[in-house]
Amino acid sequence: MAAPPPLQFRTTGFNGYSVEYSPFFENRLACASAANFGIVGNGRLWILGMGGDGVVAEKVYDTQDGLFDCAWSEAHENQLVTSSGDGSIKLWDVTLADFPVQNWSEHTREVFSVNWNLVNKDCFITGSWDQSIKLWKPEVAQSLSTWHEHTHCIYQTVWSPTSGETFASASGDHTVKVWDVRNPRAIQTIRAHNAEILALDWNKYDPNKIVTGSVDHTMKVFDLRFSTREVNVLRGHEYAVRRVKCSPHNGSLVASASYDMTMRVWDTNIGTPIWTQDLHTEFVLGVDWNMFFEGMIAACAWDESISISQLPPL
């Protein structure tokens, strides 16, 4: 049986940076975007709904600077957090109009990553070009902890799906670091690529497996217990890999977004893409899996569009 045709939504005037499905509502997703490719100008947070009429904007929130990432709260169905080019972090409630319910301004450079704790559900982490990682709680006016060990921009911070105290970070210094929030220093450092690492995610079924994506066009699978060498190298993208997301339904599947204008799905046991989506005409920067509908994937790109695709039966 063939997969249904993809749905598309225009983020007119704004270039997509990140897209994330709600963990509470099967038909809701958010997109963080920036005008003028994030170089200068405003940002916009899109709250989108999927229904019989396709994809529609339920809410939009405009910000003074470009938005680079977003993460839904794991505790509050109507809240999500965004990270911005001006270093600010904003908490939004989609039942309220216009303004964020909380604003933090501690980072001194662009914040490219925000990720909500999947286990404890009460906090989130951010990673910034100021080379620092910060831990936050929505109800606290200041960050709870700051880590400063990377020597280049931090592009991705992501929580372990099985430990509420463990997260990992990817940096332009060619390393991935694993952290415990109770420790001031990283508990593990992996020199994962000989190039900047832009993307990182944690396998949802194996607490020891992570996947990286790099400027060197490749993705790598690492086992944290034997991290001196990767388990597998995934080759196929023609330019830098900007984001990777491990499937919530299948421990072998990973989706990736790349500057080669494609979104691809990989079987990590094989090492080559098993499905490629080439609907976009500019860099694809965001990708996410829908937890409620197996094989449904959203992607956002610099071509001012979001695509929602259904994987064909594999």
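Guide: Two strands pair if DSSP finds at least two bridges between them. Strands (E, at least two residues) and helices (H or I, at least four residues) are DSSP runs, numbered from the N terminus. We're looking at a predicted model, where local features need pLDDT of at least 70, side-chain atom pairs count only at pLDDT 80 or more, and totals for chains, interfaces and linings use all residues. Residues are numbered from 1 along each chain as its sequence is written, and side-chain values use heavy atoms, with hydrogens and water left out.

Visitor: Okay, which strands sit at the edges of the β6-β7-β8-β9 sheet?
Guide: This sheet is open and has four strands, paired antiparallel in the order β6-β7-β8-β9. An edge strand pairs on one side only, and that description fits two of them: β6 (67-72) and β9 (102-104).

Visitor: What's the average twist from one strand to the next there?
Guide: Picture a line fitted to the C-alpha atoms of each strand; angles run from 0 to 180 degrees between N-to-C directions. Going along β6-β7-β8-β9, the twist from strand to strand averages 20 degrees.

Visitor: Which residue in β7 is the bridge partner of Cys-70?
Guide: Start with the strands: β6 pairs with β7 (residues 79-84) in the antiparallel sense, over five bridges. Follow the bridge from Cys-70 across to β7 and you land on Thr-82.

Visitor: Which residue in β28 stands opposite Arg-10?
Guide: For that one, look at another open sheet of four strands, ordered β1-β28-β27-β26 with antiparallel pairing. Its edge strands are β1 (7-10) and β26 (284-289), and its twist averages 15 degrees from one strand to the next. Strand β1 runs antiparallel to β28 (residues 305-310), and four bridges join them. Across from Arg-10, in β28, is Ser-305.

Visitor: How many strands does the whole protein chain have?
Guide: Don't bother hunting for helices, as the count for those is zero. The strands, on the other hand, come to 28.

Visitor: What radius of gyration does the protein chain have?
Guide: The C-alpha trace spans about 50 × 50 × 35 Å along its principal axes, and buried residues (under 20% relative accessible area, 1.4 Å probe, protein chains only) make up 60% of the 314 residues. The radius of gyration is taken over C-alpha atoms, and the globule rule is 2.2 Å times the number of residues to the power 0.38. For 314 residues, a compact globule would come out near 20 Å, and this chain agrees with that at 18 Å.

Visitor: Which residue does Glu-106 form a salt bridge with?
Guide: A salt bridge is a side-chain nitrogen of Lys or Arg within 4 Å of a carboxyl oxygen of Asp or Glu, and a search of the whole structure finds 17 of them. In this one, the closest N and O atoms are 3.1 Å apart, and it links distant parts of the chain: Glu-106 in the loop between β9 and β10 (111-116), and a partner 28 residues away in strand β12 (residues 133-136). Glu-106 is partly exposed (in between 20% and 50%) because its relative accessibility is 28%. The partner, buried at 9%, is Lys-134.

Visitor: Which residues share a network with Glu-149?
Guide: Glu-149 is buried at 17% relative accessible area, and its salt bridge to Lys-177 has its closest N and O atoms 3.1 Å apart. Lys-177 is buried too, at 7%. Through salt bridges that share partners, Glu-149 is joined with Lys-177 and Arg-185.

Visitor: Is Asp-180 buried or exposed?
Guide: Its side chain meets that of Arg-182 in a salt bridge (2.7 Å, N to O). Arg-182 is exposed (over 50%), with a relative accessible area of 60%. Asp-180 has just 10%, so it counts as buried.

Visitor: Where is His-217 found?
Guide: Most residues other than glycine have a negative phi. His-217 has a positive one, near 80 degrees, and is partly exposed at 32% relative accessibility. You'll find it in the loop between β19 (209-214) and β20 (219-223).

Visitor: What is the relative accessibility of Ile-39?
Guide: This residue is in the loop between β3 (28-34) and β4 (43-51). With Phe-37 and Val-40 it forms a nonpolar surface patch of about 320 Å² accessible area together. Such patches take residues with over 30% relative accessible area and no salt bridge, with nonpolar side chains (Val, Leu, Ile, Met, Phe, Trp, Tyr) joined within 5 Å and like charges within 9 Å; areas come from the Shrake-Rupley method with a 1.4 Å probe, only the protein chains shown counting as cover. Ile-39 counts as exposed because its relative accessibility is 73%.
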